[in-house]
Amino acid sequence: PLVRLYAGVKSQQAEVMRILESKSIQYELIDISVGGEVRDEMRSKAGNPTAVPPQIFNEDQYCGNYDMFSDAVEEDKVEQFLKMA
């Protein structure tokens with residue numbers, strides 16, 4: 001599985017990337033600043049017309065946003081959050 005990270009806020013993005021790398025989880029960084037089409041795709045896949053990055057997916061399956069990811073890290077449930085477990 002490939003984790004897709006729709007990126008925005010640099011500090012949050014860096015934190016997610018650091019944690020994924022520490023767990024040897026491959027990911028693809030998708031920069032939504034390249035255009036509205038990519039942002040709209042992220043929002044459509046997340047099922048939220050006002051979603052802001054970072055938004056995290058496993059392939060095309062929505063996992064959650066930064067706050068949800070952060071909670072999963074605190075609970076040591078990152079793999080479950082990413083739908084890998």
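The largest nonpolar core holds 15 residues, and Val16, Leu20, Ile56, Phe69, Phe81 and Leu82 touch the most other members. Four elements each give two or more residues to this core: β1 (3-7), α1 (10-22), α3 (66-74) and α4 (78-81). Helix α1 supplies the largest share, with four residues. A second, separate core has seven residues, including Tyr6, Ile30, Ile32 and Ala51. In soluble globular proteins, nonpolar side chains tend to be buried together. Note that this is a predicted model.

**Leucine 20**

Take leucine 20, one of the residues that touch the most other members of the largest core. Which residues does leucine 20 contact, leaving aside neighbours within four places in sequence? The partners are Val3, Ile25, Tyr27, Phe69 and Leu82.

**Overall fold**

The chain has four helices and four strands. Read from the N terminus, the order is β-α-β-α-β-β-α-α. How does the radius of gyration bear on a compact globule? A compact globule of 85 residues would have a radius near 12 Å; the chain has 12 Å, so the two agree. Along the principal axes, the C-alpha atoms fill a box of roughly 35 × 20 × 20 Å.

Burial comes next. Of the 85 residues, 35% count as buried. Contacts also reach along the sequence. Among those between residues at least 6 apart, 52% join residues at least 24 apart.

**Surface and charge**

The accessible surface of the chain is about 4,900 Å². Carbon and sulfur atoms account for 46% of that surface. The charged side chains number 9 positive and 15 negative. The centres of these two sets lie 1 Å apart.

**Backbone features**

Three backbone features deserve a look. The peptide bond from proline 53 to proline 54 is cis, with omega near 0°. Proline 54 sits in the loop between α2 (36-46) and β3 (55-58).

The other two features are positive phi values. Serine 24 has phi near 55° and is not a glycine. Lysine 83, also not a glycine, has a positive phi of about 60°. Their settings are set out below.

| Residue | Phi | Place | Relative accessibility |
|---|---|---|---|
| Serine 24 | near 55° | loop between α1 and β2 (27-31) | 67%, exposed |
| Lysine 83 | about 60° | segment after α4 | 37%, partly exposed |

Why does serine 24 count as exposed? Serine 24 has 67% relative accessibility, and exposed means over 50%. Lysine 83 counts as partly exposed because its relative accessibility is 37%, between the limits of 20% and 50%.

**Aspartate 60**

Where is aspartate 60 placed? Aspartate 60 lies in the loop between β3 and β4 (61-65). Not counting residues up to four places away in sequence, aspartate 60 touches Arg4 and Lys45. Valine 16 belongs to the largest nonpolar core. Aspartate 60 and valine 16 are 44 residues apart in sequence. In space, their C-alpha atoms are 18 Å apart.

Key
Residues are numbered from 1 along each chain as its sequence is written. This is a predicted model: local features need pLDDT of at least 70, side-chain atom pairs count only at pLDDT 80 or more; totals for chains, interfaces and linings use all residues. Side-chain values use heavy atoms; hydrogens and water are left out. The radius of gyration is taken over C-alpha atoms; the globule rule is 2.2 Å times the number of residues to the power 0.38. Buried means under 20% relative accessible area, exposed over 50%, partly exposed in between (1.4 Å probe, protein chains only). Contact means heavy atoms within 4.5 Å. Accessible areas come from the Shrake-Rupley method with a 1.4 Å probe; for residues, only the protein chains shown count as cover. Lys and Arg count as positive and Asp and Glu as negative; His and the chain ends are not counted. The place of a charge is taken as NZ of Lys, CZ of Arg, CG of Asp or CD of Glu. A nonpolar core is a set of buried Ala, Val, Leu, Ile, Met, Phe, Trp, Tyr and Cys residues joined through side-chain atoms within 4.5 Å.
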